[in-house]
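User: I am new to this structure and would like to know what stands behind the terms used for it. Please set each one against its definition.

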Amino acid sequence: MGEAEEKHILVADDEAHIGRIIKIKMEQGPFQVTLAFDGQEAVDILEQEDRIDAVVLDLMMPRLSGLDVLERIRSTEKYKDLPCIILTAAGQEEYEREAKKSGATAFLTKPFSPKKLYALIAELTGVPTEESEA
C-alpha cells in the first residue's frame with residue numbers, strides 16, 4: 001500500500017489565521033487543505049470539487065453561516081454523510097444545539113488545540129494517527 005492516500009479537507013473560517021493554523025497542522029499528515037473565508041465560498045468549493053473528505057466550519061461567518069453551509073451539505077446527496085466539524089466560540093451553546101439538529105458530526109470550542117483537531121479529523125477520515133505523537 002505504501003503512501004496513504006491524501007484526504008481533502010475544506011476549512012471555512014473568516015479568521016484567516018485560524019485557517020492557516022489548521023492548514024499547517026493538517027498538512028503535516030496525509031491531508032490537503034482548501035481554505036474558504038466565508039460560508040458562500042465554502043458552498044462554491046463544495047460544488048466545484050470532486051472530492052472533499054471532511055469539512056471544518058466556523059459558525060459565525062459572513063454571507064452564509066456555518067449552520068447554513070451545514071444544512072446545504074446535509075441536503076446534498078453527494079455530501080450527506082460528509083464528516084462536518086463545527087468550530088464554536090465559547091457561549092454559542094444554542095448554535096451547537098442547532099448544528100447538532102442539522103447533522104454536525106463533532107464540535108470543537110475555540111480556542112482549540114490543533115493537535116486535537118488533527119486527531120479528530122484523522123479519526124473521522126480513517127487516517128491512522130500513530131505518527132502524530134511526534
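Analyst: The sheet comes up before the cores and their contacts. This is a predicted model, in which local features need pLDDT of at least 70, side-chain atom pairs count only at pLDDT 80 or more, and totals for chains, interfaces and linings use all residues. Residues are numbered from 1 along each chain as its sequence is written, and side-chain values use heavy atoms, with hydrogens and water left out.

User: How do you know that β1 and β2 pair, and in which sense?

Analyst: Two strands (DSSP runs of E, at least two residues, numbered from the N terminus) pair if DSSP finds at least two bridges between them. Strand β1, residues 7-12, has six bridges to β2 in the parallel sense, so the definition is met. Val 11 stands opposite Leu 35 in β2.

User: What makes β2 and β5 edge strands?

Analyst: The open sheet of five strands runs in the order β2-β1-β3-β4-β5 with parallel pairing. Because β2 (31-36) and β5 (106-110) each have a single partner strand, one side of each is left without a neighbour in the sheet.

User: Why is a set of residues called a nonpolar core?

Analyst: The term is used because its members are buried Ala, Val, Leu, Ile, Met, Phe, Trp, Tyr and Cys residues joined through side-chain atoms within 4.5 Å, where buried means under 20% relative accessible area with a 1.4 Å probe, protein chains only. The largest has 24 residues, of which Leu 46, Val 55, Leu 57, Val 69 and Ile 73 touch the most other members. A second, separate core of 21 residues includes Val 11, Met 26, Val 56 and Ala 122.

User: What is in contact with Ile 73, leaving aside its neighbours within four places in sequence?

Analyst: Contact means heavy atoms within 4.5 Å, and Ile 73 has such contacts with residues including Leu 46, Tyr 79, Lys 80 and Cys 84.

Note on methods:
Helices (H or I, at least four residues) and strands (E, at least two) are DSSP runs, numbered from the N terminus. Buried means under 20% relative accessible area, exposed over 50%, partly exposed in between (1.4 Å probe, protein chains only).
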